[in-house]
Amino acid sequence: MLGWGLVLFLLAQQSIWKALFSLLFPSAQSPLFERETLLNLTLQHLAITFGAGALVLLVGLPLVVLVTRPAGAAFRPLLENLVAVGQTFPPVAVLVLALPFLGFGSSGAVLALFLYGLLPVVRNGLEGLTSLPSDVLDAAKGMGYARAQMLWAVELPLALPVILAGIRTSLVLILATATVAPLVGGGGLGVPIIAGLAVSNLAYVVQGAAAVALLAVLLDWTLARLEQALTPWR
Amino acid sequence: MRAVSPGSRAQGETRRTILNPHPVALLAAGLGLVALGLPWLELKASRIAAGEAVGVWGWPGSWGLLLLGLWLLLAFVRGPWRGLLLGMALLVWGLLVGQGTAYLLSNQLESARVSAAGGLWLSLLALYVGYFAAYREGRGWAVLSAPLALALLIGLGAFDQLGPVVEWRSWREQFATELWRHLSLSGSAVLLAVGVGVPLGVLVASSPRFGWVLGVMGFLQTIPSLALFGLLLPLLAQVSQTLRLETALALLVVGVFAFRLLWAVSGGLAVLLMLPLGLLALVMAGAWLHSLLGPDPLRIAFQAPLQASGIRGIGAAPAVLALTLYALLPVVLNVYTGLRGVPEAVKDAGRGMGMSPAQLFWRVELPLALPLMLEGIRGAASLTIGITTVAALIGAGGLGFFILRGVEGGAPDMVLLGAIPIIGLALLVDSALRWMGGLLRWRMGI
């Protein structure tokens with residue numbers, strides 16, 4: 001929490017950034033990206049990331065639970081295959097091709113990122129829910145657990161570490177890939193990077209790149225801590 | 001090899017009847033039927049104009065009805081027949097597309113284009129799901145009939161009038177160059193990653209002292225590709241403008257000796273001090289490997305800044321470097337896990353036979369870790385082919401070029417011209433390496 005507060009506070013200090021980049025890139029005409037403050041871009045970036053992340057969780061986890069029940073077992077190989085194939089799609093292309101369906105702006109970006117982030121959650125969810133020790137399951141069955149109870153009280157808690165690891169990978173991947181969102185009119189920290197590349201202003205590129213790298217590392221770290229907090233028995 | 005799941009057991013029980021509504025096939029048929037109700041094609045006055053959507057019932061001919069019938073049959077018919085029906089469905093699907101494009105383009109100006117719309121994509125997904133169902137039941141028929149149908153369709157020119165193919169015809173030469181460039185960018189990155197990553201993995205597995213290497217790679221992996229490109233840009237631009245080629249080479253030679261000396265004092269210090277030189281070596285090797293493999297001429301100019309030798313802040317040099325750094329993690333991690341997974345008893349047996357540590361490594365550990373290493377290379381390769389798309393943003397070219405040009409010009413067909421081959425390449429490389437891994441396991445009797 002402290003880390004996030006500190007980073008957001010730092011990102012809000014436009015004047016410090018301006019001084020820093022004037023120093024680093026003395027030849028640049030405008031050393032700081034002026035169209036939008038870094039803080040706003042960061043918040044946009046986080047909004048896109050968490051929007052797509054929420055979709056991934058809302059769709060991915062129920063799908064995983066469904067195909068690990070006897071009723072949906074026939075669909076399991078198909079789901080595994082489809083998410084793996086989905087990941088080979090270049091994100092830029094998915095973003096652009098979703099345009100006609102979702103229009104210009106952040107919603108297309110969210111959908112494309114959702115497709116991209118699905119794999120780690122589904123893969124880890126399947127791994128977690130299918131590799132449970134059978135003696136534990138038998139014991140639960142013997143104790144008279146109903147199916148729903150088994151899922152909530154035994155299977156999900158046991159699979160939690162693996163599932164959480166998948167969510168972490170997925171969210172970091174989404175945050176990283178969200179950098180290309182400006183190509184389809186979405187916002188975020190990719191805006192200064194792509195604008196900088198277009199007008200070959202390295203200062204813009206470095207600002208966006210440094211901020212997004214910082215954010216990615218911070219998110220990864222936060223989620224790792226969260227994993228530890230949620231699974232204290234590990 | 002087929003895992004026995006509750007689903008496949010239920011399947012075996014219903015095999016007795018002719019009708020066998022397999023759930024996955026039902027899903028495919030459902031998707032296919034929904035798709036038949038949606039617009040398939042989009043007629044546009046030019047490649048960037050807005051289009052007018054048309055469904056399969058919007059053009060004369062009864063192929064649509066036939067496809068509808070095939071979907072219904074496909075859902076309910078049993079086992080191997082499904083594969084045959086799927087091939088037929090694919091054929092009819094292609095003919096339907098060909099007929100539609102030809103009909104829409106008759107009486108139109110030269111500039112008119114026909115693009116794919118939602119229904120066509122959905123029916124493609126339905127065909128894929130259907131293929132998957134058929135493949136798992138009786139792979140022979142599905143494997144035979146689907147490629148045959150596809151080859152027949154291409155031979156008949158069913159897709160010749162479709163937007164992306166038209167784009168391809170007008171960009172033919174550039175397409176070949178960019179495809180080659182894409183392959184050489186990702187190829188040199190993967191080769192370098194294997195060259196650096198395998199020894200690194202062996203090192204990490206040799207002693208727990210080197211565990212931090214995995215941490216560093218994991219950290220690199222979290223940094224977004226575009227950000228890594230962006231951060232490398234100014235750094236490389238500076239170095240390539242000031243450092244002369246012979247100075248760089250001399251530095252590298254000195255660096256090797258300095259590393260040996262420092263290593264004796266402190267391993268960590270040696271790595272830390274020599275890391276920039278390692279990156280320099282990597283970037284030079286990457287840029288030159290790419291020129292050797294790819295369509296861009298190899299340039300080596302002495303008595304001039306590195307810039308003149310093709311190592312610049314933008315272009316292939318930073319692209320290959322960043323791609324290599326990304327590809328390293330899967331390679332190192334799998335080499336490490338592979339070597340770690342060699343059972344202690346097997347190693348003991350080798351030692352008992354009087355093998356020296358080197359013999360033990362080459363004859364026992366390495367062969368046993370090989371399948372997992374190959375798995376890592378597969379992961380690295382398909383990852384790299386995808387990320388190489390972004391390389392076009394920093395002027396390195398590759399198939400991402402078409403995607404970016406398409407985005408800038410608002411021409412979705414051009415985006416597809418870049419995207420479809422990238423997806424195809426990734427899947428192709430993935431399955432080729434998977435097949436090799438399977439062959440290896442089979443040869444080793446695992």
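Trainee: How far apart do the C-alpha centres of domain 1 and domain 2 of chain B lie?

Mentor: They lie 39 Å apart. Please keep in mind that this is a predicted model.

Trainee: And which residues does each domain of chain B cover?

Mentor: Domain 1 of chain B runs over 2–162, and domain 2 of chain B over 172–444. Their contact takes four residues from domain 1 of chain B and five residues from domain 2 of chain B. On the side of domain 1 of chain B that touches domain 2 of chain B, one residue is nonpolar, one is polar and two are charged.

Trainee: What is the secondary structure of chain B as a whole?

Mentor: Chain B has 17 helices and three strands. Its C-alpha trace spans about 80 × 60 × 30 Å along the principal axes. Of its 446 residues, 43% count as buried.

Trainee: Turning to chain A, how many helices and strands are there?

Mentor: Chain A has eleven helices and zero strands. The C-alpha trace of chain A spans about 75 × 40 × 20 Å along its principal axes. Chain A has 234 residues, and 43% of them count as buried.

Trainee: What about contacts between residues far apart in the sequence of each chain?

Mentor: Take contacts between residues at least 6 apart in sequence. In chain A, 72% of these join residues at least 24 apart; in chain B, the corresponding figure is 77%.

Trainee: What is the average pLDDT of chain A?

Mentor: Chain A averages 85, and 96% of the residues score at least 70. Among the elements of chain A, helix α3 (residues 38–68) has the highest mean pLDDT, 93, while helix α6 (residues 99–102) has the lowest, 66.

Trainee: Which parts of chain A carry the annotation "transmembrane region"?

Mentor: The UniProt annotation, from an unreviewed entry, covers residues 45–68, 89–119, 150–167, 174–198 and 204–224 of chain A. Two of these stretches can be described further. Residues 45–68 of chain A are 100% helix and 0% strand, with end C-alpha atoms 34 Å apart. Residues 150–167 of chain A are also 100% helix and 0% strand, and there the end C-alpha atoms are 22 Å apart.

Trainee: A:E155 caught my eye. Where is A:E155 found, and is A:E155 buried or exposed?

Mentor: A:E155 is found in helix α9 (residues 147–177) of chain A. It counts as buried because 22 C-beta neighbours lie inside 10 Å, and the cut-off for buried is 20 or more.

Trainee: What does A:E155 touch?

Mentor: Not counting residues up to four places away in sequence, A:E155 touches A:L129, A:L132 and A:M150. As for A:S134, it is 21 residues from A:E155 in sequence and 11 Å away in space, C-alpha to C-alpha.

Trainee: Let us move to helix α10 of chain A. Which residues are buried there?

Mentor: In helix α10 (residues 190–198) of chain A, the buried residues are A:G190, A:V191, A:P192, A:I193, A:G196 and A:L197. These pack against α3 and α11 (202–230) of chain A, together with α10 of chain B. After α10(A) comes A:S200, whose phi is positive, near 40°.

Trainee: So chain B comes in again. How many residues does each chain bring to the contact between chain A and chain B?

Mentor: The contact takes 37 residues from chain B and 35 residues from chain A. On the side of chain B that touches chain A, α17(B) gives the largest share, eight residues. By class, this side of chain B has 25 nonpolar, eleven polar and one charged residues.

Trainee: And the largest nonpolar core, which residues have the most contacts inside it?

Mentor: That core has 140 residues, and those with the most contacts inside it are A:L95, A:L113, B:A193, B:A327 and B:V332. Helix α13 (residues 316–340) of chain B supplies the largest share, 18 residues. A second, separate core of 45 residues includes B:A25, B:L74, B:V92 and B:L162.

Trainee: Returning to A:L113, which residues is it in contact with?

Mentor: Leaving aside neighbours within four places in sequence, A:L113 is in contact with A:I48, A:A52, A:I174, A:T177 and A:A178.

Notes. Residues are numbered from 1 along each chain as its sequence is written. Chains are lettered from A and ligands numbered from 1 in the order in which they are written. This is a predicted model: local features need pLDDT of at least 70, side-chain atom pairs count only at pLDDT 80 or more; totals for chains, interfaces and linings use all residues. Helices (H or I, at least four residues) and strands (E, at least two) are DSSP runs, numbered from the N terminus. A residue is buried if 20 or more other C-beta atoms lie within 10 Å of its own, exposed if 12 or fewer, and partly exposed in between; C-beta atoms are placed from the backbone. Two residues are in contact if their C-beta atoms, placed from the backbone, lie within 7 Å. Ala, Val, Leu, Ile, Met, Phe, Trp, Tyr, Cys and Pro count as nonpolar, Asp, Glu, Lys and Arg as charged, and the others, Gly among them, as polar. UniProt positions are given in the numbering used here, feature names are shortened, and annotations may be inferred rather than shown by experiment. Domain bounds come from an automatic or database domain assignment. pLDDT is the predictor's confidence in each residue, from 0 to 100. A nonpolar core is a set of buried Ala, Val, Leu, Ile, Met, Phe, Trp, Tyr and Cys residues joined through C-beta atoms within 7 Å.
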